[in-house]
Amino acid sequence: MRRLIVNADDFGLTPGVNRAIVEAHRNGIVTSSTLMATGAAFDDAAKDASSLPDLAIGCHVLLVDAKPVLQPEVVSDLIEPSSSSHFRETLGSFARQTISGKISSEQIEAETIAQIRKLQSANIGVSHIDSHKHTHILPQVLRPLLRAAKACNVKAVRNPFGPLRISLLSGHLELWRQYGKVSLLKWLAGWFNSEVSKAGMATPDGTIGIVTTGFLTQDLLNRMLETLPEGTWELVCHPGYNDADLDKVKTRLRSSRAAELEILTSDETRQLLAKNQIDLINYRDLG
């Protein structure tokens, strides 16, 4: 049996991203999405979520490249030293400080709880958590995130590890750099599953789509679906509209968002899922 959760990240980033996620759910294969508690279009996304009972909504935990929900002085370890109100902009800077023990796990836990509860206060039943730039791949981040999820009665978390198939990269030289980064961290997968199991949380067998983020094509998705192993997996995606609002956001994902929306709503994608007997589920089914 093969089951697939199709999760659209960045709900709440811009109105155009919100609109695309709604379309990809109503007219395509998106079954879950994760909402950014401090996204500029949070209110718009929360309103959309209330009208989509079959779309599972999780919390896209923000610890980099964003503002905190809590007052900056309460999470001072997370704040960029040259800023008075923003997290560090890059994953590399955040990871170095976290691994060296300079960021309090208590502050990570407190901020995560605040973000989850902001969603819950908007009458959103939070089905799961994941993290912006996959920061919870780090042990120093995963543990406080799991504690925060349990404190808020959230029962599932993204598994950021997955099958790494070199054959997938054939003809796509632009993917090798991302493949190298992901493969270097693969050794953490066993530890991740152990920690999640000890916490009593649910998680898929892994993810597909992280290596192809920003470069997804219909051909790449077809290859991933045709070689999907048995089990329950998550496809990570980022549909959106490349509009004036997105121009104001610091992101490398621009034209790729519109391309993903087209792929996620294509007849070819639906036909391939049916052909390969892959059942679509959402994170509520998992939890």
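**Figure 1. Helix 1 and helix 2 cross with a right-handed sense.** The model shown here is predicted. Helix 1 spans residues 15-26, and helix 2 covers residues 42-50. Their axes come within 9 Å and cross at roughly 15°. Angles under 35 degrees count as roughly parallel. Helix 1 and helix 2 are therefore roughly parallel to each other. From helix 1, Pro15, Asn18 and Val22 take part in the contact. Their partners in helix 2 are Asp44, Ala45 and Asp48. Sorted by class, this contact of helix 1 with helix 2 has 3 nonpolar, 1 polar and 2 charged residues.

**Figure 2. Helix 10 has buried residues on one side.** The helix runs over residues 255-264. Buried here are Ser256, Arg257, Glu260, Leu261, Ile263 and Leu264. Around the axis they cover an arc of only 165°, which puts them on the same side of helix 10. Ser255 and Glu262 lie on the other side and are exposed. Several elements cover the buried residues of helix 10. Among them are strand 1 (2-11), helix 1 and helix 8 (218-226). Strand 6, helix 9 and helix 11 (267-275) also belong to this cover.

**Figure 3. Histidine 238 sits in a loop.** The loop lies between strand 6 (231-237) and helix 9 (244-247). Histidine 238 has a relative accessibility of 8% and therefore counts as buried; the cut-off for buried is under 20%. Leaving aside residues up to four places away in sequence, histidine 238 touches Asp9, Asp10, Thr213, Leu253, Arg257 and Glu260. Two of these contacts, Arg257 and Glu260, are also listed among the buried residues of helix 10.

**Figure 4. Helix 7 packs its buried residues against helix 5.** Helix 7 comprises residues 189-198, with Ala189, Phe192, Glu195 and Val196 buried. Seen down the axis, these residues fall within an arc of 125°, so they line one face of the helix. Helix 5 (139-151) is what they pack against. On the other side of helix 7, the exposed residues are Gly190, Ser197 and Lys198.

**Figure 5. Glycine 200 follows just after helix 7.** This close-up shows the backbone at that point. Glycine 200 takes a positive phi of about 75°. The preceding helix 7 ends at residue 198, where Lys198 is exposed.

Key:
Residues are numbered from 1 along each chain as its sequence is written. This is a predicted model: local features need pLDDT of at least 70, side-chain atom pairs count only at pLDDT 80 or more; totals for chains, interfaces and linings use all residues. Side-chain values use heavy atoms; hydrogens and water are left out. Helices (H or I, at least four residues) and strands (E, at least two) are DSSP runs, numbered from the N terminus. Buried means under 20% relative accessible area, exposed over 50%, partly exposed in between (1.4 Å probe, protein chains only). Contact means heavy atoms within 4.5 Å. The arc is that of the directions from the helix axis to the C-beta atoms. Axes are lines fitted to C-alpha atoms, for helices over the stretch in contact, and angles run from 0 to 180 degrees between N-to-C directions. Angles under 35 degrees count as roughly parallel, over 145 as roughly antiparallel, 65 to 115 as roughly perpendicular and the rest as oblique. A crossing is left-handed if the near helix is turned anticlockwise from the far one by less than a right angle, and right-handed if clockwise. Ala, Val, Leu, Ile, Met, Phe, Trp, Tyr, Cys and Pro count as nonpolar, Asp, Glu, Lys and Arg as charged, and the others, Gly among them, as polar.
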